[in-house]
Amino acid sequence: MKPHGTYKQLDPQEDCGVQPPRFLLKRRASLCAVVPPLFVVTFVIVVTVRLSSALRGDAAGDAGDAASCGDTCRIVLAESIPEGMTFGDAFVPNPSTFATWMSLLGTVTHSLDVASFYWTMTNEDTGTHEPSAAQGEQILKELLQLSRRGVAVRIAVSRPAAKSPLNDLQALEQSGAAVRVVDMPRLTGGVLHTKFWLVDGAHLYVGSANMDWRSLTQVKELGAAVYNCSCLAEDLGKIFEAYWALGVPGATVPVPWPANYSTAFNAETPLELKLNGTDAAVYFSSSPPPLCAAGRTADLAALLGVIDAAAEFIDVAVMSYLPTTEFSRPERFWPAIDNRLRAAAFERGVAVRLLAGCWRHSRAAMFPFLRSLAALADNRTRYSVEVRLFVVPASAAQARIPYARVNHNKYMVTEKAAYIGTSNWSGDYFERTAGSALVVKQTGGGGGASTVGEQLQGVFERDWSSQYSVDIGDTERWENVCGSREP
């Protein structure tokens, strides 16, 4: 899923919150050239024209835009199913992440903005000569041609770790793309973990897939593509503009953010629109809180709000679930999400199901907490809580691919809302790391069409009942494949 250096970048003890060494500063300079002040002024003028409606500068303007938004928005779930996995003849696949990205690339006419953790679209860093890297290489090839077609390409990327491959970013910059490195370790002590695309100010993708060839063929991913929805794309564009502003060398996090980054669309006042022909209330959340301009719902608040509103069921699929911090030192107990799931089951009788990822890099500390959550459903109680692990199988050749073969999903669905995010569920992701999520509320399908929540629940039910799902109590089936014995 990630090259070794990039994965380790998440650990602040080794890479976050410290001044980068000189060789890393030189690497950074090759990606993010310091531009003269005149160019910066000119650039801001261009962006203001390009995103005029997104950056009007006050919430009243946004509210007016929402009232006049007549877009016929369409949302499609996009999945990556690792090679070798099958779900039976009854399984009707969602569009693949690869097909979705290729569709967006075929649609773009004037602008593409990508917010990303890292880039490794070829398998040069793994040394495996893996044929399944072809899809990632095709995406990169298409991206490298955009600037020549007159498309303005901007890429905001987390500061690379010392050993991270830079070939893709250097090639993109040479092709004419603008690349800015966001030094999140210095700014917040985390990383830029967000994964989204914005196309022509009208279409978007947000989800779990990194800009990594493995995210297309070797890692199980889930995201959403929204088409012909300028109102929603413009609002997500404000989050991208915040990353872009923080990518200037020496940037600091504004307190408060200027008014042009603010939004009127949040958990209290979501954007109301037609989504697949059905009335919907939609908003984007963001983390960490210092990166949230006025009006933006923080990602943790959005997630907890979805949990607290559930009255019937809560289904969660996430790679990593820990009621602790993972990368801060010293590690802390962090029960914010865990407490709310337990309260939902205990106080309101909500049925809770949690499907966690299981792979060789799983933290050993995760499993006692998962068992503890599952233990609420004692035979003598009425609480409905179930916990399972999703194990992606691997052939001998696939097992040699580093950071692959895992369920990397990060979503939740209830009877009232769908939450599709970019963060794992532990403390650092919400307190220090840049992430984002799409929250959609729909009450019923129109003309026989299913809501995005119903589609998402279908994905969850398929995975939950599949041969790859293992009960947390069935230790013999998972203990030898889920992580090390180290805490």
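Begin by selecting Leu-140, Leu-143 and Leu-144 in helix α6, together with Asp-168, Ala-171, Leu-172 and Ser-175 in helix α7; these two groups of side chains meet one another. Sorted by class, the residues of this contact are five nonpolar, one polar and one charged. Please bear in mind throughout that the model is predicted.

**The helix pair**

Extend the selection to the whole of both helices: α6 covers residues 134-146 and α7 covers residues 167-175. Their axes lie 8 Å apart and form an angle of about 25°. The two helices are therefore roughly parallel, since an angle under 35 degrees is counted in that way. Viewed as a crossing, the arrangement of α6 and α7 is right-handed.

**Strand β12 and its partner**

Next, select strand β12, residues 313-318. Six of its six residues are buried, so the strand is largely enclosed by the rest of the structure. To inspect the two faces separately, colour Phe-313, Asp-315 and Ala-317 on one side, and Ile-314, Val-316 and Val-318 on the other. Both faces are covered, and the residues of each are buried.

Now add strand β13, residues 351-358, to the display. Strands β12 and β13 run parallel and are joined by six bridges. For one such pairing, centre the view on Ile-314, whose bridge partner in β13 is Val-352.

**Val-206 in strand β7**

Move to strand β7, residues 203-207, and select Val-206 within it. Is Val-206 buried or exposed? Its relative accessibility is 0%, and it therefore counts as buried, the limit for that class being under 20%.

Display the surroundings of Val-206, leaving out residues up to four places away in sequence. Its contacts include Lys-195 and Phe-196, Gly-223 and Ala-224, and also Phe-284. Further along the chain numbering, Val-206 touches Ile-420, Thr-422, Ser-436 and Leu-438. A distance label may also be drawn from Val-206 to Leu-236: the two are 30 residues apart in sequence, and their C-alpha atoms are 9.7 Å apart in space.

**Ser-208 in the following loop**

Finally, select Ser-208, which is located in the loop between β7 and β8 (211-212). Although Ser-208 is in a loop, its relative accessible area is 0%, so it is classed as buried.

Which residues should be displayed around Ser-208, apart from its neighbours within four places in sequence? They are Lys-195, Glu-221, Leu-222, His-408, Asn-409, Lys-410 and Gly-421. Lys-195 deserves a separate label, as it touches Val-206 and is also in contact with Ser-208.

Conventions
Residues numbered from 1 in each chain as written. Predicted model: local features only at pLDDT ≥ 70, side-chain atom pairs only at ≥ 80, totals over all residues. Heavy atoms only, no water. Axes fitted to C-alpha atoms, helices over the stretch in contact; angles between N-to-C directions. Helix = DSSP H or I, 4+ residues; strand = E, 2+ residues; numbered from the N terminus. Parallel < 35°, antiparallel > 145°, perpendicular 65-115°, else oblique. Left-handed = near helix turned anticlockwise from the far one by under 90°. Contact = heavy atoms within 4.5 Å. Nonpolar A, V, L, I, M, F, W, Y, C, P; charged D, E, K, R; others polar. Buried < 20%, exposed > 50% of the residue type's maximum accessible area, 1.4 Å probe, protein only. Pairing = 2+ DSSP bridges.
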